[in-house]
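Me: Could you take me through the aromatic side chains and the packing around them? I'd like one connected walk-through, with the odd backbone detail if it's worth a look.

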Amino acid sequence: MVSMVSGFFAVFAELLLPGLAVLCRDWPVLQAVATLPLLLLLSYWCCASVFPESPRWLIATSQISQAKKCLQSFSARNGMCVSDELYPAETLLSEIDEVFPEDIQPEYHHVVELRHTRVIWKNCLILGFTLFIGTGIQYCFTRNLHIYSPHFYFSYFLRVLTGALACVFLCVSVDRFGRRGMLLLAAIVTGLSSLLLLALTQYLHGGLVLVLSVVGLLSSQALAMLSVFFGSEVMPTVVRGGTLGLIMAAGCVGMAASSLMELQNNGGYFLHHVIFASFAVLSVLCIMLLPESKHKPLPDSLKDGERQRRPPLFLSHISQDNPPLLRMQPQSSEYNRDSYSRLVTATKKMLTKDALPYKISISPQAPLLSSNGIAPDANEDSS
């Protein structure tokens with residue numbers, strides 16, 4: 001949800017940009033007005049209290065002392081107490097001390113280490129490819145909008161509004177149908193819209209061309225947004241910043257391709273459309289190789305990222321003609337701390353009791369051998 005809120009901020013900034021352009025009336029002035037607020041980001045680097053470091057990344061890279069300080073500052077600001085004298089073993093800081101030794105050294109990771117992985121670099125490559133398609137193919141749809149209105153503002157505001165609708169659509173659908181499924185749907189709709197416009201533009205009615213352009217623009221922006229959001233969940237914590245940088249760099253290359261087409265006055269537009277339509281169809285096959293991150297913990301280490309596997313394409317259903325003899329109920333693997341503590345307490349009470357709640361009666365039976373080592377029957381015979 002936080003990622004989607006940041007997407008709304010980006011849409012709001014694009015809506016304000018034409019107004020700033022009207023007020024500034026000069027390109028250098030507009031460039032200065034858009035760039036100077038970025039100097040506020042220096043406060044994030046200078047003042048750690050304004051924008052603190054991620055405790056999850058600090059713990060994943062074994063920077064335990066800094067993670068403790070960060071968590072203590074969070075608790076002090078929120079008015080919460082992280083230490084409890086009655087139950088010190090159940091506090092967060094004591095659990096960190098139990099897991100990590102005192103002399104542990106920090107372990108830093110770089111993007112170069114992805115060459116030793118198999119799953120992580122594949123996911124990063126696929127998501128960068130989908131973001132490249134989602135940003136680069138938008139020009140194929142916005143070009144058709146100039147036919148209905150020669151003004152720049154029509155296509156610009158329509159693109160921004162479809163971006164807002166795509167963000168709302170992701171907020172509603174992604175948490176219900178999954179990230180992988182919605183990314184696959186966005187890629188399919190984008191590919192079909194681009195292929196139909198590429199092959200049948202001169203045979204279709206003008207209103208249908210407009211509808212296909214708007215739908216393709218909506219799905220391509222959803223594809224771009226969801227690629228970044230999906231990458232933030234699939235990539236491990238230790239290299240999440242670097243891998244997200246690579247994914248977003250691929251998206252910038254796609255935007256640059258659209259800008260180059262506008263600078264060349266639509267020269268080579270047909271080749272541009274053919275390439276990105278083919279890439280959109282190819283991305284459908286690539287997305288099937290991605291794992292699903294819905295309701296799953298974020299991977300922290302490289303090993304956690306390598307354990308991610310894609311879900312099966314077809315779910316196996318039990319045949320109704322040959323049902324199993326015994327239908328086994330899957331046991332829940334959720335860990336409940338309260339029930340476990342009650343079980344431990346009850347077990348300790350049972351082990352510390354002196355008398356059992358019931359007695360086991362054993363019928364008296366004569367010993368097989370007497371004290372002298374001779375059976376009782378043998379004594380009777382000898383007598």
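Reply: Let's start at F157, which is partly exposed, with a relative accessible area of 30%. Bear in mind that this is a predicted model. F157 will come back with its partner in a moment, but the wider set of rings comes first.

There are seven aromatic pairs here. Take F132 and F279: their ring centres are 6.4 Å apart and their planes meet at 55°, so this one is a tilted pair. F132 sits in helix α7 and F279 in helix α13 (residues 269-287), so the pair ties together parts that are 147 residues apart in sequence. The two partners fall on opposite sides of the 20% cut-off for burial. F132 has a relative accessible area of 19%, so it counts as buried, while F279, at 29%, is partly exposed.

Back to F157, then. It forms an aromatic pair with Y156, and this one is edge-to-face, with 5.7 Å centre to centre and 85° between the planes. Y156 is buried, with a relative accessible area of 9%, whereas F157 is the partly exposed one.

F132 and F279 also belong to a cluster, in which ring pairs link them with F129 and F276. For a ring with a charge over it, look at Y269: R143 lies over its face, 3.9 Å from the ring centre.

Now for the helix that carries F132. Helix α7 covers residues 119-136, 18 in total, and reaches 26 Å from its first C-alpha to its last, close to the 26 Å expected at 1.5 Å a residue. It's mostly covered, too: 15 of those 18 residues are buried.

α7 also gives two or more residues to the largest nonpolar core, so let's go there next. In soluble globular proteins, nonpolar side chains tend to be buried together. The largest core here has 50 residues, and L183, L226 and L290 are those with the most contacts inside it. Along with α7, the elements giving two or more residues are α8 (138-142), α9 (152-177), α10 (179-200), α11, α12 (240-263) and α13. The top contributor is α11, with ten residues.

L290 deserves a closer look. Setting aside its neighbours within four places in sequence, L290 is in contact with N123, I126, L127, R180, L183, F230, R310 and P311. Apart from the big core there's a second, separate one of five residues, including I64, L71, L93 and I96.

While we're on α11 (residues 206-234), S232 lies in that helix. At 19% relative accessibility, S232 counts as buried, because the cut-off is 20%. Beyond its neighbours within four places in sequence, S232 is in contact with R240, L244 and L298.

Last, the backbone details you asked for. R25 has a phi near 65°, a positive value in a residue other than glycine. You'll find R25 in the loop between α1 (2-24) and α2 (27-35), and at 73% relative accessibility it counts as exposed. S62 also has a positive phi near 65° without being a glycine. S62 is placed in the loop between α4 (55-60) and α5 (64-78), but at 8% relative accessibility this residue counts as buried.

Methods
Residues numbered from 1 in each chain as written. Predicted model: local features only at pLDDT ≥ 70, side-chain atom pairs only at ≥ 80, totals over all residues. Heavy atoms only, no water. Helix = DSSP H or I, 4+ residues; strand = E, 2+ residues; numbered from the N terminus. Expected span 1.5 Å × (residues − 1). Buried < 20%, exposed > 50% of the residue type's maximum accessible area, 1.4 Å probe, protein only. Contact = heavy atoms within 4.5 Å. Phe/Tyr/Trp six-rings, centres within 6.5 Å; stacked < 30°, edge-to-face > 60°. Lys NZ or Arg CZ within 6 Å of the ring centre and 35° of its normal. Core = buried A, V, L, I, M, F, W, Y, C linked by side-chain atoms within 4.5 Å.
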